[in-house]
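I opened my notebook for a walk through this structure and jotted down what I looked up, stop by stop.

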Amino acid sequence: MDFLLTHLVAKYNFWLYIILMMIGLYAMIAKNNLIKKLVGMNIFQTAIILFYVSIGSKRGGTIPIVEHIAGGGEHAINPTRYVNPLPHVLMLTAIVVSVSTFGVALALAIKIYQRYKTLEEDELLTRIRES
Amino acid sequence: MTGNYPALLVTVPLLAAFVIYGCSWLHKRSCLFMALLGLTIPFAISVALLKKVLINGHISYHLGGWDPPWGIAYELDPINAIVLVAVTTVALVNLIATSKEIETRFSDRRGAFYALYLLFVVGLLGIVATGDLFNLYVLLEIASITGYSLIAMGDPARAPLSSLNYVFMGTIGACFYLLGVGYIYIMTGSLNMADVHVLLPPLYHSSAIVVAFIFCLVGVMIKMGFFPLHSWLPNAYTYAPSPATSLIAPLMTKVMAYVMIRLMISVFSPKFVFSSIAASNAVVWLACLAIVMGALMALAQRDVRRMLTYIIVSEIGYIVGGAWIGNATAMSGAVLHIINDVLMTFCVFLSLGAIARSTKGYQIENFSGLFKKIPVTMATFVVSGLSIIGIPPTCGFFSKWYLILGAIEGGHYGFIVVLLLSSLINIILFFRIFEEAFFVYPKTNAVHTEGEASIAIAETPFVTLIPLVLTAILLIFTGIYSGSLIALIIKPVVSAGLL
Amino acid sequence: METIHSIRPLLAILASLFAIPFIVGFSRRPAMREFWTFAAAGSKFLIIVSMLPLVLTGRRVTCTIFEIIPGVPLQLTVDTLGLLFALVSSSLWILTSIYSVGYMRGLGEHSQTRYFCFFAVALSATIGVAFSANLLTLYIFYEILSLATYPLVTHHQDEEARSSGRRYLAYILGSSIGLFLPAMLISYHLAGTLTFSASGFLGASISRKVLMILLIMFIFGAAKAAVMPLHAWLPAAMVAPTPVSALLHAVAVVKVGVFVIIRIITGVFGVNLLKSLSLTTPVIVLACITILCGSLIALSQDNLKRLLAYSTISQLSYIVLGVSLLSQRGLTGAFIHIPMHAFGKITLFFCAGAIFVATGKKNISEMKGLGRQMPITMAAFFIASLSIIGLPPCGGFLSKWNLVLGSIEAHRPLVLVVLLVSSLLNAGYFMPVVYKAFFFKTESAVAGVKEAPLCCLIPLCLTAIFSIIFLFYPQPFYELISHALKCIIGAGV
């Protein structure tokens, strides 16, 4: 029970991201269709994004938005009450990166489709070899 | 102004890229000029920064005035500065040399090409200059995505799929790196390289840090094309358009090798890398395998471009092997080889692009009689080939010198044997081509003097030829001045703790 | 020993390089192009001769070009040994240039500009090797020489030239990168320096096994010295035009090989170290095998140039043998064989080329009775073969004499036997050529042939006459050698 508690339940975010990563990796490698591979890549990246975000969470922490007292002036905040905002910020960037990569990859998939009229990898390789 | 040089280094080409893309809708012909401006300024800045680093020592620039570890810092030491100069030089010279080809081949998409070109350079400059781990990831992805797009602009039959495969593998690599950074952040709470370096020592035995290092390393190795994670490399660089290949091939993989060395020296100190992780021997043997496999696969190629891409795989093996041998001589040899390899690979791909104008294809058989047709271009190809083989006084010899010396010091005789073996295989690889270009067999049974009269000289235009010749001369100069380069490089290496 | 700093050594190397733009520029005007070649050869010779008086007074001329690796600069030092070699090469280049003009024009050869350019580079590299002050400089010039001679060897650009070129590169570059380079680096790692010194720079603190391995790696790494079994490139390189074979493969390239071995033995290891550990015994054995096998194979050759090639392989190992005997007379014999063999062999090659220009014949069996049609050529051939065999009145007698005495001094009687047997074998393959040429009936194929063109004839007569003169007036050589020996083993001649 102890083992389960410390290694499985307490660190469930790690397990989640590992499972998602493996799903994504599996899709990238094993699937034949290019779009499915792309989706797998996206899942892979999303897994890591989720992981980062989960790092910043704290028990009982709230959204990291600091309100100013009306009439100017600021009060010191207690950082333990707020969820760590840095990973969120970093992941905003990573999401942008993921979206751009996905966009470029989709554009490439469109180009491939326009030329070879298929998105299945094995058919693609046959058609390339023939041409 | 001068104090802000590190920031300007990255922002000037960034702004130029957007301006160029905007201008391409209005006035296409001014795009080239702006691109040249957008690369000349960073070149000048990088030279100025090198001079500053040589005089003042380490430069630390805080972006936005925020002190690290809250803000992002750009850290410049001699290794950085020299690699920056190499990157900007290659980018600028390549643009000048291939400008004519870009203008004709991509005339309708000029704006896009120049913008992607400049953004790629932005990414690389940022990777080299930055002192922040996450900033490195961002710039790495900037460079990668623009790289994917540049490669996809090539041969319409093969380039998109090659680029897509590169996208898949490259993304896995970058994500592994990001994961590694995440683990470091969990354990240390900081993303600044220097800060992490200070915070890590008590944590050396924690498995999370070991895993972080391994993730970062594997990610970087995928992106640098280290055997067996190199499978994206041959296709991607073969089917890319030649102006893009002569930009990406010399730079991308070597900058990632620089990242690996930076991680080894400045983030995870050599003490951690070589004692806590007792894998350095295994990595050196893997590097030996990379060198041999690269050389053997290059032997099997008839397409000269693919042969050169496998030579890149081999060269990366040299750098990784040298870095992981574990003494200062070998590490300095590895850093010197990064710089030399940037120049050698650039010269060989640029001359190949120039040669392609005069041949029907890229097979070795298409090279007949080229010494008569394009003597000066072939001469530069010969010089770059000799440099890759490692013949003095070209630069390739001297990095091999330090690598072999370091291997003798470290007792790694397998690495020496493999290095010499690959030099011998490189002789075969290049002299095959030189022979084909030199020996003109007349296709008829005419006497050899008659066969030659039919080949007139049709040299490459000056806009490509002069940069080519200058690069070839630079190869020899870098060789002769390698002593001074090593003296510069070895200081930060030794002060990091390597002996 | 006093050292003078001067750029004259560097100028000697650069003299021919400066001429190259002019040679290329005047490619359409052969007369001017040849003029620049002669200007380069002449100026090189004069610069080298100008250093002779300085060096003979016991001083050295040094020129440090650049600190290319911390502790190992690109440095030139002119000492007596290097000057001896440089004098031989540069003087023979002048004669070869005259000969080349006659030969290339006589045959209407193509790409003469490229030929003269690479010849100039090759000679620069040769002088560079002669004047190198440390192993790295020597290695750099050695590699430049290998590359510069490739277009010369493969000049004819046909199928045969291509495969010979491949063999040439495989042996020469393969051995230098595969054996010489690691040996050099290991020496640097052990000794911390690469500069040649009179007593060698490898200390006695290194184990005998390591020293032995290094010595063998160096000997085979310098494959230009054609020590068996790395000799096969030499006969293959005979596809080159005869002036190339004459200068390069009788004088420049192969002498660079033995010169490198001499420098290794005297400047890297040092005579005393080698004597105390008797490290040179394997080298002596290899040299003896090469001498005997080379001569035996030469006996069976019909192609004149291939016969001369195998003779060269054999003769080069005389020099290697002499040096590895480590005795005063042995070293003297080796050093004096450099000029004697150079002049003798080059005469023989000049004759072979003259015969080819005049008759188109390459095989000895087709040269019967040629002596009557081409008396001057065959007379020169006879004189030169006497020199190679080692008989008076030719200079080769001196080198054989010293080698024989050297083997007695070194207490190696078997070497004496090898020397005598090989002299007999030399006679065995040279004398039939001369005999057939003079005393047989003229072949119908060569009847009515006239002597070779004047430009070919004059150089070969000059070198033959010099071979005789050197027997009676060897003083300049002996002086240089005496100084060299004083440094190496502290004795004079």
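**The sheet of chain C**

I began with a single pairing: Ile4(C) has Val61(C) of β2(C) as its bridge partner. A reminder to myself that this is a predicted model.

I then counted the bridges between β1(C) and β2(C) and found 3, with the two strands running parallel. Stepping back, I saw an open sheet of 3 strands in chain C, ordered β1-β2-β3, and its pairing is mixed. I noted β1 (3-5) and β3 (72-78) of chain C as the edge strands, since each pairs on one side only. Ignoring direction, I get an average turn of 40 degrees between neighbouring strands of this sheet.

Next I asked myself what lies across β2 and β3 of chain C. My note reads: helix α1 of chain C, residues 8-25, running at about 75 degrees to β2(C).

**Where chain C meets chain B**

I looked up this contact and found 24 residues on chain C and 25 residues on chain B. On the chain C side, β2 (60-69), α6 (135-153) and α7 (159-191) each give two or more residues. I marked α7(C) as the largest share, with 12 residues. Sorting the chain C side by class gave me 15 nonpolar, 5 polar and 4 charged residues.

**Where chain B meets chain A**

Here I found 23 residues from chain B in contact with 26 residues from chain A. For the chain B side, I wrote down α5 (133-152) and α6 (159-188) as each supplying at least two residues. The most comes from α6(B), with 13 residues. By class, I have 17 nonpolar, 4 polar and 2 charged residues on the chain B side.

**A helix pair in chain B**

How do the axes of α13(B) and α14(B) cross? I read off roughly 170 degrees, with the axes coming within 8 Å. My cut-off for roughly antiparallel is over 145 degrees, and α13(B) and α14(B) are therefore roughly antiparallel to each other.

I went through the residues that make this contact. On α13(B) they include Leu308(B), Ile312(B), Tyr318(B) and Ile319(B). On α14(B), among them are Met331(B), Ile338(B), Val348(B), Phe349(B) and Leu352(B). Charged residues turn up too, including Arg305(B) and Glu315(B) of α13(B) and Asp341(B) of α14(B). In total I have 14 nonpolar, 4 polar and 3 charged residues in the contact of α13(B) with α14(B).

**A stop at Ala356(B)**

I stayed with α14 of chain B, residues 328-356, and looked up Ala356(B), which belongs to this helix. Is Ala356(B) buried, exposed or partly exposed? I counted 16 other C-beta atoms within 10 Å, so Ala356(B) is partly exposed; buried would take 20 or more, and exposed 12 or fewer.

Setting aside neighbours within four places in sequence, I found Ala356(B) in contact with Ser242(B) and Tyr362(B). I also checked Phe367(B), which is 11 residues from Ala356(B) in sequence and 9.2 Å away, C-alpha to C-alpha.

**Chain A as a whole**

I closed with chain A, which has 5 helices and 0 strands. Along the sequence I read the pattern α-α-α-α-α. The radius of gyration of chain A is 22 Å, well over the 14 Å that the globule rule gives for 131 residues, so I noted chain A as more spread out than a compact globule.

The C-alpha atoms of chain A fill a box of roughly 70 × 50 × 15 Å along the principal axes. I also noted that 22% of the 131 residues of chain A count as buried. Last entry: of the contacts in chain A between residues at least 6 apart in sequence, 53% join residues at least 24 apart.

Notes. Residues are numbered from 1 along each chain as its sequence is written. Chains are lettered from A and ligands numbered from 1 in the order in which they are written. This is a predicted model: local features need pLDDT of at least 70, side-chain atom pairs count only at pLDDT 80 or more; totals for chains, interfaces and linings use all residues. Two residues are in contact if their C-beta atoms, placed from the backbone, lie within 7 Å. Helices (H or I, at least four residues) and strands (E, at least two) are DSSP runs, numbered from the N terminus. Two strands pair if DSSP finds at least two bridges between them. Axes are lines fitted to C-alpha atoms, for helices over the stretch in contact, and angles run from 0 to 180 degrees between N-to-C directions. Angles under 35 degrees count as roughly parallel, over 145 as roughly antiparallel, 65 to 115 as roughly perpendicular and the rest as oblique. The radius of gyration is taken over C-alpha atoms; the globule rule is 2.2 Å times the number of residues to the power 0.38.
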